[in-house]
Amino acid sequence: TGTPMIAPSILSADFANLAAEARAVAGPGPGRADWLHVDVMDAHFVPNLTLGLPVVESLLKATDIPIDCHLMIEQPGRWAPPYAEAGAHNVTFHAEATDDPVAVARDIRAAGAKAGLSIKPGTPLEPYLDIVRDFDTLLIMSVEPGFGGQKFIPEVLAKARAIRKVIDAEDLTLLVEIDGGINADTIEQAAAAGIDCFVAGSAVYGAQDPGEAVHALREQAAA
Ligand code: DX5
Ligand code: ZN
């Protein structure tokens, strides 16, 4: 793990002012986010509906922060590649949503983006250990996907420690990302478990100054 990466989730931002909300974490200096995390939900894979490709295309024009798409949707094989074609930096989909995650990753990479695999809090890591080489990121959910502002589930950190061991032993380039309930009270334990990239929604966009929140979280994760 190098310098901790912070990915503010615009799920907690004002959806009527997305360009300004992206700008709030895109300034120069230490309050600049590493990625902008965009939660795509389809009201089928999760019990919530957010936004889709047209909004991501507009966000790509509105900011130079790399866009980290988190697809909480059914049929990622059908819907994921267009996000990569549009110019998203990462396209992450859920292991639980497909029988052939490697094929989806191949299509995402062929379309020009990094491929991410996400697992829900109750999904074990072991069945996916031999396919992590086909991915650029592993997104470990630390809340049930669907909503911001939920309580961090510390038990998922066992999966972070396990994948960190594999990455170090085999010298993999896989980045480990965590999503859900990350804030000033929880980020240190996640950092200690070997996380590279921290998604934070309410902790960033619920703060008075989102850029300052990014800076403070990154410092805390590095400590
Ligand atoms: C939840 C989303 C998260 C969410 C995190 O399904 O994947 O990205 O925005 O929000 P917080 O940081 O408030 O838990
Ligand atoms: Zn997310």
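The following paragraphs describe a predicted model, moving from the chain as a whole to its nonpolar core and then to the surroundings of its ligand.

The secondary structure of the chain comprises nine helices and eight strands. Its radius of gyration is 16 Å, close to the 17 Å that the globule rule gives for 223 residues, so the chain is as compact as a globular protein of that length. Along the principal axes, the C-alpha trace extends over about 40 × 40 × 30 Å. Of the 223 residues, 47% are buried. Contacts between residues at least 6 apart in sequence can be examined for their range: 63% of them join residues at least 24 apart.

In soluble globular proteins, nonpolar side chains tend to be buried together. In this chain, the largest nonpolar core has 69 residues, and those with the most contacts inside it are Leu36, Val91 and Phe198. Phe198 illustrates how such contacts are distributed along the sequence. Leaving out residues up to four places away, Phe198 touches Pro4, Met5, Ile6 and Ala7, among others. Its further partners include Ile178, Ile182, Ile187 and Ala190, as well as Leu217 and Ala221.

Attention now turns to the ligand. Ligand 1 is surrounded by 22 residues, of which the closest are Ser9, Leu11, Gly148, Gly201 and Ser202. The elements that give two or more residues to this shell are β2 (36-41), β8 (197-200) and α8 (202-205). By character, the shell residues divide into eight nonpolar, twelve polar and two charged.

The UniProt record, an unreviewed entry, annotates part of this chain. Under the feature "binding site" it lists Ser9, His70, Gly146, Phe147, Gly148, Gly149, Asp179, Gly180, Gly181, Gly201 and Ser202. Under "active site", the unreviewed entry lists Asp39 and Asp179. These two span 141 residues in sequence, yet their C-alpha atoms are no more than 10.6 Å apart, so they gather at one spot.

Each of the two aspartates can be placed in its own setting. Asp39 lies in strand β2 and is buried, because 24 other C-beta atoms lie within 10 Å. Beyond residues up to four places away in sequence, Asp39 touches Ser9, Leu11, Thr50, His70 and Met72. Asp179 belongs to strand β7, residues 175-179. Asp179 is likewise buried, with 26 other C-beta atoms within 10 Å. With the same exclusion of residues up to four places away, the contacts of Asp179 are His70, Leu139, Met141, Ser142 and Val199. His70 thus appears among the contacts of both Asp39 and Asp179, and His70 is also one of the "binding site" positions in the UniProt entry.

Ser9 connects several of these descriptions. Ser9 is located in the loop between β1 (5-8) and α1 (18-23), and it counts as buried because it has 24 C-beta neighbours inside 10 Å. Ser9 is among the residues closest to ligand 1 and is included in the "binding site" feature of the UniProt entry. Apart from neighbours within four places in sequence, Ser9 is in contact with His37, Asp39, Gly148, Val199, Ala200 and Gly201. Of these partners, Gly148 and Gly201 are also among the residues closest to ligand 1, while Asp39 is one of the "active site" positions in the unreviewed entry.

Note on methods:
Residues are numbered from 1 along each chain as its sequence is written. Chains are lettered from A and ligands numbered from 1 in the order in which they are written. This is a predicted model: local features need pLDDT of at least 70, side-chain atom pairs count only at pLDDT 80 or more; totals for chains, interfaces and linings use all residues. A residue is near a molecule or strand if its C-beta atom, placed from the backbone, lies within 6 Å of it. Helices (H or I, at least four residues) and strands (E, at least two) are DSSP runs, numbered from the N terminus. Ala, Val, Leu, Ile, Met, Phe, Trp, Tyr, Cys and Pro count as nonpolar, Asp, Glu, Lys and Arg as charged, and the others, Gly among them, as polar. UniProt positions are given in the numbering used here, feature names are shortened, and annotations may be inferred rather than shown by experiment. A residue is buried if 20 or more other C-beta atoms lie within 10 Å of its own, exposed if 12 or fewer, and partly exposed in between; C-beta atoms are placed from the backbone. Two residues are in contact if their C-beta atoms, placed from the backbone, lie within 7 Å. The radius of gyration is taken over C-alpha atoms; the globule rule is 2.2 Å times the number of residues to the power 0.38. A nonpolar core is a set of buried Ala, Val, Leu, Ile, Met, Phe, Trp, Tyr and Cys residues joined through C-beta atoms within 7 Å.
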